[in-house]
Amino acid sequence: GNDTNSLADAGESYSPENPVHVKVGITGTDSPEWDEISEIAAEEGIELEIVRFSDYTQPNQALADGSIDINAFQTVSFFDNFKEEHNLDLTAIGSTVLAPMGLYSDKYESVEDIPDGADITIDKEVTNQARNLMLLAEAGLIELEDDFGVTSGLNQIKANPKNLNLTEIAPATAPRIMQDVDAAVINNGFAVDAGLSPTDDAIYREDETATPYINIIAAQTEEQDNPVLLRLVELYQSEEIEQLIIEEHKGARIPTFISLEELNSYPK
Amino acid sequence: MLDWLPEAIRPEITSDILTQALFETIYMVAWSLLFSALLGVVLGVILVVTRPRHIMENRFIYNLINPVINVLRSIPFIILLVAIIPITRFFVGTAYGTTAAIVPLVFYAGPYIARLIENSLLEIEPGIIEAADSMGASKWQIIFKFLVPEAMGSLILSMTTATIGLLGATAMAGAIGAGGIGEVAISYGYNRFDDGTMFITVLLLIIMVQGLQTIGNIASKKVRRR
Amino acid sequence: MLDWLPEAIRPEITSDILTQALFETIYMVAWSLLFSALLGVVLGVILVVTRPRHIMENRFIYNLINPVINVLRSIPFIILLVAIIPITRFFVGTAYGTTAAIVPLVFYAGPYIARLIENSLLEIEPGIIEAADSMGASKWQIIFKFLVPEAMGSLILSMTTATIGLLGATAMAGAIGAGGIGEVAISYGYNRFDDGTMFITVLLLIIMVQGLQTIGNIASKKVRRR
Amino acid sequence: MIEFKNVSKTFSSNGQDVHALQNIQLTIEKGDIYGVIGFSGAGKSTLIRTVNLIERPTAGEIIVNNENLVSLQPRALQRAKRNIGMIFQHFNLLQSKTVFENVATPLRLVKTKKAEVKERVNELLQYVGLGDFASRYPDQLSGGQKQRVGIARALATNPAVLLCDEATSALDPETTSSILQLLKRINREYNITILMITHELGVVREICNKVAVMESGHIVEQGNVEDVLARPVHETTKKFVRSIIPDDLPEKVKQYLGQKGSDERIYKIDVTDETEQLSVFNDLVHQGLHVSLLYASMHEVRETSFGALYLSLKGNAAAQETARSYLEKHDAQVKEVTKDAGLVA
Amino acid sequence: MIEFKNVSKTFSSNGQDVHALQNIQLTIEKGDIYGVIGFSGAGKSTLIRTVNLIERPTAGEIIVNNENLVSLQPRALQRAKRNIGMIFQHFNLLQSKTVFENVATPLRLVKTKKAEVKERVNELLQYVGLGDFASRYPDQLSGGQKQRVGIARALATNPAVLLCDEATSALDPETTSSILQLLKRINREYNITILMITHELGVVREICNKVAVMESGHIVEQGNVEDVLARPVHETTKKFVRSIIPDDLPEKVKQYLGQKGSDERIYKIDVTDETEQLSVFNDLVHQGLHVSLLYASMHEVRETSFGALYLSLKGNAAAQETARSYLEKHDAQVKEVTKDAGLVA
Ligand SMILES: Nc1ncnc2c1ncn2[C@@H]1O[C@H](COP(=O)(O)OP(=O)(O)OP(=O)(O)O)[C@@H](O)[C@H]1O
Ligand SMILES: Nc1ncnc2c1ncn2[C@@H]1O[C@H](COP(=O)(O)OP(=O)(O)OP(=O)(O)O)[C@@H](O)[C@H]1O
Ligand SMILES: [Mg+2]
Ligand SMILES: [Mg+2]
């Protein structure tokens, strides 16, 4: 309504009677944490409007042009790469969760069992794909070029000793066609939703401290110190939300609240 | 509100989300249909009347419009969504959200409707044009008082087909935060493996499509008189 | 091989990837067109001839086929892709890859083609059917020796429209690892922000669409005789 | 050969019922050329279209070749239809096919050999005067040319029955006549039965042996052509007959009436086939009258002729009286024509 | 009013040229009812369709109302066309509109007031006998009814020129006659110019004052109807005239020839308008011959009549000789008819 403060001038002068309006861009749908934050923030005078995107490029564009105020959907490495590519003046203002990936198979019990020429599906979405390939490399199935980065793809595989046949597919499809392939790299979120258990079913799992893949909340650089936004980060990193994430996501997302320095210290 | 559904197909989403999505879908389809129909009719009519030996034969215009439609129809919708963001911003002020989705939807459906209309209008017997011409009808009158009414049965069916196609395209407009039933089906039902949501959203889509097709069939039969 | 392109639009992908994608697209479009045209013609013809007062009036079959087509047309393609995985597996043995994509593409385009064909066949003058009937033509002959040839001009344009739609749909079939030009455009050009790839792939798509439309227009004009 | 038993057909349009055929009873024998005439909208097209069930009657039976078509199974009906050729009022040609292919269509349906098709089609096109038009498309033809393609197509399979709905309405008299001769020949050579709808009594006179007259869905008169034309009973029939055999006073006679002398009388003598030759002049002249022929009009319908003469007799009162009683005795079909009353008995 | 100056039209079909019109020169005066006849495919429809440029001539000028239509700008041409009504050979009705709306269409194009449209359309529908059919759709009409809708539509705007392409070909004689009377009345009352294509010379005879005869794209004969019908010069014209005025030996005369006595001779006497009344009988009878009328046929074309008589003269050789020389002196139009030679001079 017209009685809301604009985010830029709000400072600390907002209240339930005179609320400030904040648009949060997220992707996907599993946002119980944001629903919860929304409720808590409303009591303090911060009105959240959640905008859902089904695409990974648009939320940053929207943030840059002021269509939304913050977004929370991406890993720090994707974020850094994106803002460089597009020359956007955005800054990460807090860390959120880590969603480790795993290698799943209907046919084999361990990585060693995967035969020569096996069919493996990976995510067609770019940063996830790089992450998938790093996972496969970590599992010793392939070798990557030295300069392999967070947006590198299939063309930067140095060696494929087992002659694996890697197919890019939509991540949500992976669990559905697992029986057709020898193994599939699946994002924890999709795995859990599809009824797989990352801890029990994965034959190989990503290291839980993979810093580049920690998710973040991002804002325009000029708003990075905005008390309203910082308050939202605080709310996200509260005990209450941490518990909620653990309960709701059953291991698909691990709350990972680290400092901004630590966040930016991954090898680029 | 959705609790009455049997366990197996009870969606995890709330009926609020569903209602909102339904509203968004209707909003997007209605507006984009309006504009793309306008665009499509204009382009379709131009494609017909400017072709060789038709009433406003004009090689230049035909050879201009024809490939433009082809270009628009060549671009995958997801790319189109992004490619025309500057245009969207110009018209809507923003490039995200339900309203913004209308612009790419129009760019998607307009040229498609143009082709369907072209096909319908080409089927009109030349005798009708001769009759119109002999009465001293203007080009404008020939088109809108003769060709269009005579093709109406076919035009209605074409528009029905196009509207259903548009409904399908709104599902993809989720990429720019447009929401809608299709988007709920994909992000909750498909991405989150929620069969209940999948079921209810697809059911809603089926009801909408069935309703549109039924209306289209009845209307077309009424005017077609066969 | 793509080095001759100016810096700004030189794609990062290799020409091998492009060639392969082109091949995949042609492969998918060709096969799915074949099957969906067959399916579409059969369904479209049934929709026309079983309707009230047509040559094989049959309320039961019409009321069976009509909603089935609506249902298939209601489901967003991405959901259709996964919804029919068991069927795909049955036909192709696997549910992912280029060949597997053909099945959902057929389910997508078949009902759509059926509607276009229905529309074209409904435009035939009843006098033609009377003439056929008076010669003692079988229902089969009425359909394939009278209705179809008379509607051929319109049918060709409809098939052109459908083929172009199919080409657009292949871009989405990337979800099950089908590859193809549209998928390259999206995952390299769009997701990886490679304007060069975007440019070259969209250019290829435009050329294909323009080619298809030109062939369709010429063929239709040839048989339409107007 | 063809029998209509109590056939009715009702259309409903905007909720209203249109009774296009009402209890039609009609028998057409093998080898008949049966004409059906009637005003526009009388139900002629509907009648002919029920013969091969293009229009299914609402009630009644259609017996063709001893089979009741209405109750036939689809396959049998189809076979029966192959034996019935039809020429449509609006041609119904395939726009997408050449003249040759249009005529060849019914042959192809029964899987005739290629060479045979070619021979037959070319022969038919010659018959109808379209030998040079084989590779044209219908939209490149004149109205009459289209009609002739329709005629050739209907004849292609040598059907036992031919239904013609205004088969010559778009044709000039010369072409009409050649088509009618063709039909007559086919009728004679193959004993084909022809049911022919027309609004031109001239056509009926030229080739039909029987005729039926329709009005608002009913058959109001039927019989041998000569009988119906010579002695039309129903008002509609009379109107048709008048169209080829005018029976009102000729202009010339009307004018003459105004200027005739006082010693002059004018008579109309109806001529029928029994009147072998007219030789009343001789006696009248011998009776001292001056006889002039003002107007004469006779018509031949299939070997029968009839018509009327207008004679002027000039002479004194006595001679006129003799003449009058002579004429009355001589032939009942004599009427005096006067200025005021027109014809008097 | 309408003038064709050197008009030609060539179609190309399958690479071949079809010369449908070749150097047509024709002038139609204001108020004329001008008939055009010709065999099927002669170019009649093409001719009439060039008048309002539905078919643009390949060469030549079309002058209507002192304007050369061929060189007019689109707007002006459109205005000119509004003054030219047209009845099409194939009706060209809007299938999607009712009979009422079809007739109202040309009025709506010029934004006529609603009440006026209603009145005018209903009046026209009454004229053409379709008063009860206003709310029907074309597919619910018989052939003749469709044609009448086309006629009403063409008349709706009271055009100055009316082009009729076989306007009565699908109509029965009664309806034809009432339509022709209507056209005649309109022609008289509004001085409308009518160009009328037909293959029925009867129609020309009934209402036209001028006629042109076409053959393979040429006009081969033209002039006043009476002149052309009474003295046809071109072979095609003769064939048409024969269609309404048969000039071959009547069957009856043929039969009679076979059985005539040796003292009997048969003569054919041509009757033209100058022959006010025929009174040859008197003299022949006085010369001692027995005179019989075998057959007589006379025709009236717009106040003019002509035809032929067949007389049999019985008598001895001397009387026959006198009769012969009498007949030859009396009128040049006498021919003897014999069994072998048919007509002899
Ligand atoms: N579009 C066309 N292409 C080729 N030839 C044509 C075309 N239209 C007409 N013709 C030919 O031109 C000639 C004249 O045709 P037109 O229709 O003028 O004849 P018509 O005198 O009206 O005959 P009818 O009495 O049969 O209607 C015909 O031989 C016809 O085949
Ligand atoms: N589909 C229909 N719906 C309603 N009425 C119809 C339909 N078809 C024909 N009629 C009506 O039935 C009557 C008979 O029509 P039909 O076509 O048999 O006449 P017709 O004798 O052939 O006339 P014409 O000489 O004008 O061709 C007409 O009054 C016509 O209007
Ligand atoms: Mg009829
Ligand atoms: Mg013509």
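**Exercise 1. How many helices and how many strands does the secondary structure of chain A come to? Then judge the overall form of the chain.**

Solution. The model is predicted.
- Step 1: count the elements. Chain A has 10 helices and 13 strands.
- Step 2: test the radius of gyration. A compact globule of 268 residues would come near 18 Å, and chain A has 20 Å, which agrees.
- Step 3: take the extents. The C-alpha trace of chain A spans about 65 × 35 × 30 Å along its principal axes.
- Step 4: check burial. In chain A, 58% of the 268 residues count as buried.
- Step 5: look at the contacts with a separation of 6 or more. In chain A, 74% of them come from residues 24 or more positions apart.
- Step 6: turn to the surface. Chain A has an accessible surface of about 10900 Å², and 41% of this belongs to carbon and sulfur atoms.
- Step 7: place the charges. Chain A carries 14 positive and 53 negative side chains, and the centres of the two sets are 6 Å apart.

**Exercise 2. Work through chain D in the order used for chain A. How many helices and strands are there in chain D?**

Solution.
- Step 1: chain D contains 12 helices and 15 strands.
- Step 2: the globule rule gives 20 Å for 345 residues, but chain D has a radius of gyration of 25 Å, so chain D is more spread out than a compact globule.
- Step 3: the C-alpha trace of chain D spans about 80 × 45 × 35 Å along its principal axes.
- Step 4: of the 345 residues in chain D, 59% are buried.
- Step 5: among contacts in chain D with a separation of 6 or more, 65% come from residues 24 or more positions apart.
- Step 6: chain D exposes about 14000 Å², with 45% supplied by carbon and sulfur atoms.
- Step 7: chain D has 41 positive and 42 negative charges, whose mean positions are 9 Å apart.

**Exercise 3. Which residues are the protein donors of the magnesium ion (ligand 3), and which are those of the magnesium ion (ligand 4)?**

Solution.
- Step 1: start with ligand 3. Its protein donors are S45(D), through OG, and Q89(D), through OE1, at 1.9 to 2.4 Å.
- Step 2: locate them. S45(D) sits in helix α1 (residues 44-51) and Q89(D) in the loop between β6 (84-87) and α3 (99-109) of chain D, so the pair ties together parts 44 residues apart in sequence.
- Step 3: check cover. S45(D) and Q89(D) are buried.
- Step 4: go to ligand 4. S45(E) (OG) and Q89(E) (OE1) are its protein donors, at 1.9 to 2.3 Å.
- Step 5: locate these. S45(E) belongs to helix α1 (44-51) of chain E, and Q89(E) to the loop between β6 (84-87) and α3 (99-109), so this pair also ties together parts 44 residues apart in sequence.
- Step 6: S45(E) and Q89(E) are buried too.

**Exercise 4. What do the buried residues of α8(B) pack against? And is S36(B) buried or exposed?**

Solution.
- Step 1: helix α8 (residues 181-190) of chain B has 10 of its 10 residues buried.
- Step 2: list the partners. From chain A come β2 (46-53) and α6 (174-177), from chain B α1 (15-49) and α9 (195-224), and from chain C α3 (77-83).
- Step 3: S36(B) is in helix α1 of chain B. S36(B) is buried, at 0% relative accessible area.
- Step 4: beyond four places in sequence, S36(B) contacts V106(B), A109(B), G110(B), I113(B) and L166(B).

**Exercise 5. Which chains share the most contacts?**

Solution.
- Step 1: there are 6 pairs of chains in contact, and D and E share the most contacts.
- Step 2: chains A and D do not touch, with nearest C-alpha atoms 47 Å apart.
- Step 3: chains B and D do not touch either, and their nearest C-alpha atoms are 10 Å apart.

How values were computed. Residues numbered from 1 in each chain as written. Chains lettered and ligands numbered in written order. Predicted model: local features only at pLDDT ≥ 70, side-chain atom pairs only at ≥ 80, totals over all residues. Heavy atoms only, no water. Helix = DSSP H or I, 4+ residues; strand = E, 2+ residues; numbered from the N terminus. Rg over C-alpha atoms; globule rule 2.2 N^0.38 Å. Buried < 20%, exposed > 50% of the residue type's maximum accessible area, 1.4 Å probe, protein only. Contact = heavy atoms within 4.5 Å. Areas by Shrake-Rupley, 256 points an atom, 1.4 Å probe, with all protein chains shown as cover. Lys, Arg positive; Asp, Glu negative; His and termini not counted. Charge placed at Lys NZ, Arg CZ, Asp CG, Glu CD. Donors = N, O, S within 2.8 Å, 3.2 Å for Na, K, Ca; no water.
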